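Good morning, colleagues. Please take a moment with the sequence and the model before I begin.

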Protein chains: 2
Amino acid sequence: MLRISKLADYAVVLATWLAAREQRGERHTVRDLAAVTGIHQPTVGKILKHLARHGIVDSQRGARGGYRLAARPEDVPVAAIIEALEGPIAVTECASEETAGACEYEGRCGVQESWQRINAVVGRALESVSLADMAKPGLSPRELVPVARVGGERRMARAAGDVAADDWHG
Amino acid sequence: MLRISKLADYAVVLATWLAAREQRGERHTVRDLAAVTGIHQPTVGKILKHLARHGIVDSQRGARGGYRLAARPEDVPVAAIIEALEGPIAVTECASEETAGACEYEGRCGVQESWQRINAVVGRALESVSLADMAKPGLSPRELVPVARVGGERRMARAAGDVAADDWHG
DNA sequence: CCCAAACAGGACCGATTCAGTCCTCTATTT
DNA sequence: AAATAGAGGACTGAATCGGTCCTGTTTGGG
Ligand code: FES
Ligand code: FES
């Protein structure tokens with residue numbers, strides 16, 4: 001459990017497919033995407049409409065229309081896809097700053113702040129993985145950069161805000 | 001979204017309460033826990049039964065019975081509570097190793113491995129936060145340990161397997 | 001100029017899941 | 001024996017979600 005919705009999962013698959021085929025800004029129709037991914041056509045349409053409204057894909061109507069990624073695959077975090085379909089990422093109702101204040105237990109329950117921290121960790125983990133990463137399994141979300149040598153062994157540092165890269169690398 | 005269930009949320013609140021009051025191995029009844037947390041009594045009962053079955057709390061029946069934490073608060077990760085109520089943590093259906101192999105798209109969809117990595121990151125983030133951490137907001141899940149000085153500035157390293165600690169610290 | 005292609009937006013419903021309650025049984029203490 | 005308290009599971013009403021469909025609008029081509 002702790003699942004994202006099926007629609008959001010499909011959305012990531014579709015966006016990743018677009019990312020993998022991103023070349024010359026070609027557009028792809030709903031029909032083509034449905035055929036190639038195996039997802040039913042009406043569902044593909046619904047998902048891409050959501051992605052378009054959130055600026056993740058670029059749409060064009062009419063003959064010769066279709067969808068294409070609005071940004072470079074490495075600049076589109078998985079989190080953005082999920083948020084387009086499901087709204088802000090919030091592990092619990094009281095975890096998100098957007099939804100805070102709506103809880104009846106707020107104040108006397110001492111775990112709200114902890115949930116917000118956990119939520120931030122999960123959210124940033126999803127922010128740190130791009131569509132380009134999804135399309136190329138085995139690669140890390142961001143490359144480690146060598147910064148110094150200590151005792152003859154190369155030490156690594158990560159860019160500010162880079163999260164959980166160790167785990168990604170396994 | 002990307003929510004845990006309400007029951008799991010309540011479970012964490014209850015377990016955290018037990019963790020905060022953990023002293024002399026005293027037991028607490030469902031009635032008391034319901035009264036103090038504001039959660040309806042039948043619901044509290046259901047949740048604690050789940051936690052007991054998974055060995056997170058220790059139960060005793062009969063007069064003077066009740067529940068208490070089965071381990072030290074710092075040894076109980078939040079992930080264990082969630083898993084007791086919801087089963088294995090799996091961001092998507094194909095992300096978990098337990099549920100893998102059940103997907104119709106498996107094989108031709110290229111994102112499975114990526115989801116498994118993301119799932120591992122999220123899972124380990126939840127593993128790294130204990131009930132003791134939940135009970136004391138503002139503290140980190142594991143303390144950073146100083147390892148070396150480079151250029152007069154203190155550098156930090158994290159224990160192996162420690163995940164996303166940077167974010168926890170904010 | 002008109003038609004076909006393709007997306008935009010939203011309504012809609014059936015299925016599934018979930019939260020919450022309740023009942024009966026067993027164990028423990030007094 | 002009686003009272004207390006948990007074990008286990010059945011059950012239901014509600015809420016959510018997945019999926020489909022319909023109507024309108026935009027665009028390009030004949
Ligand atoms: S349960 Fe809402 S603030 Fe803790
Ligand atoms: S959607 Fe199941 S393996 Fe990718």
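Chain A contains 7 helices and 4 strands, where helices (H or I, at least four residues) and strands (E, at least two) are DSSP runs numbered from the N terminus. Along the sequence, the order is α-α-α-β-β-α-α-α-β-β-α.

Before going further, I should state that this is a predicted model, in which local features need pLDDT of at least 70 and side-chain atom pairs pLDDT 80 or more, while totals for chains, interfaces and linings use all residues. Residues are numbered from 1 along each chain as its sequence is written, chains are lettered from A and ligands numbered from 1 in the order written, and side-chain values use heavy atoms, without hydrogens and water.

Of the 170 residues in chain A, 45% are buried, that is, under 20% relative accessible area with a 1.4 Å probe, protein chains only.

I turn now to DNA strand C. Which residues are closest to it? Among the 28 that surround the strand, they are Ser59(A), Tyr67(A), Lys6(B), Leu7(B) and Lys46(B); a residue counts as near if one of its heavy atoms lies within 4 Å.

Polar contacts here are pairs of N or O atoms within 3.5 Å. A polar side-chain atom of Lys46(B) lies 2.8 Å from a base oxygen of the strand, and a backbone N or O atom of Ala63(B) lies 3.3 Å from a base oxygen. Thr43(B) places a polar side-chain atom 3.4 Å from a phosphate oxygen. Elements giving two or more residues to this surface include β1 (57–60) of chain A and α3 (41–53) of chain B.

Key:
Buried < 20%, exposed > 50% of the residue type's maximum accessible area, 1.4 Å probe, protein only. Polar contact = N/O pair within 3.5 Å; in protein donor to acceptor, adjacent residues only side chain to side chain.
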